Amino acid sequence: MDSSIKNVVFDVGDVLASFRVKDYLRELGFDEDLVELLANGMVFTEFWHELDLGTKTQADGIRIFTEKYPQYKDEILLFWEKIDRIVEEYDYSEPLVKAIKDKGYGVYILSNYPIETAELHWPKFKFLPLTDGHIISGYEKITKPDEGIYRLLESRFGIKLTDCLFVDDRLVNVEAAKRYGMKAILFKGYEELITALKDYGINI
């Protein structure tokens, strides 16, 4: 048990909501070759990081990728038209956040997320109204693992990183959080998370 923990800080993508890129592409009716091409050539790229940073927009994406893959212009336009379907909240997320809140902990969100998709998805997240605050990278023009976005938690919400337990699915972000004084859990799945939380004295 760690009595120093007062707050739990969650990432969103693939922790509280599925970033379901390939499933989404399949739902659009694309064959597996095109699913792989667009996933790896458009989404899992530096461009998406620039979306997270708020330095690029969806309009930029449409222009860049229709020029790069002109033979798939219609498919790329469809991808961006239906982009709200690329993320889906996990069933466990709202009860998880509520259970942690009921134990007396603060709950915050620290997420790398583009502005335009955040405006589509975040109003629909059932877990979000239960949290004590959130930081979205696109609006701040800074992303994890940069120290500055972690420090925003302290300055904006009046909390200390040393009082926080951080949960993220990316090792680079978890290691950064530890460097900045947080306790941290690498998210590998819901059941593993529940076990890890117990190790810190958070029994839900």
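**Close-up views of a predicted model**

**View 1. D14, a partly exposed residue in a loop.** With a relative accessible area of 28%, D14 is partly exposed. Keep in mind that what you see here is a predicted model. To find D14, look in the loop between strand 1 (7-10) and strand 2 (17-19). Its backbone has a twist to spot: D14 is not a glycine, yet its phi is positive, at about 65°.

**View 2. K141, another positive phi to look at.** Here we've moved to the loop between helix 8 and helix 9, where K141 sits. K141 isn't a glycine, but its phi is positive and near 60°. Is K141 buried or exposed? Neither label fits, since a relative accessibility of 46% makes K141 partly exposed.

**View 3. The cis bond between K144 and P145.** Check the peptide bond joining K144 and P145: it is cis, with omega at about 10°. P145 belongs to the loop that runs between helix 8 (137-140) and helix 9 (147-157).

**View 4. An open sheet built from 5 strands.** Going across the sheet, the strands come in the order 5-4-1-6-7, and their pairing is parallel. Which strands stand at the edges? They are strand 5 (133-136) and strand 7 (183-186); each has a single partner strand, so one side of each has no neighbour in the sheet. On average, neighbouring strands in this sheet are turned by 20° against each other, ignoring direction.

**View 5. Strand 4 alongside strand 5.** Strand 4 (residues 106-111) and strand 5 run parallel, with 4 bridges joining them. One residue to pick out is S111, which has I136 in strand 5 as its bridge partner.

**View 6. S111 and the residues it touches.** S111 lies in strand 4. It counts as buried, because its relative accessibility is 0%. So what does S111 touch, leaving aside residues up to four places away in sequence? The contacts are D11, V12, W122, I135, I136, S137 and K144. You've met two of these already: I136 is the bridge partner of S111, and K144 is joined to P145 by the cis peptide bond.

**View 7. Helices 9 and 10 against the sheet.** Helix 9 lies across strand 1, strand 4, strand 5 and strand 6 (164-168), and it runs at about 145° to strand 5. Helix 10 (residues 171-179) packs on the sheet as well, where it touches strand 6 and strand 7. How does the direction of helix 10 compare with that of strand 7? The two directions make an angle of about 170°.

Note on methods
Residues numbered from 1 in each chain as written. Predicted model: local features only at pLDDT ≥ 70, side-chain atom pairs only at ≥ 80, totals over all residues. Heavy atoms only, no water. Buried < 20%, exposed > 50% of the residue type's maximum accessible area, 1.4 Å probe, protein only. Pairing = 2+ DSSP bridges. Axes fitted to C-alpha atoms, helices over the stretch in contact; angles between N-to-C directions. Contact = heavy atoms within 4.5 Å.
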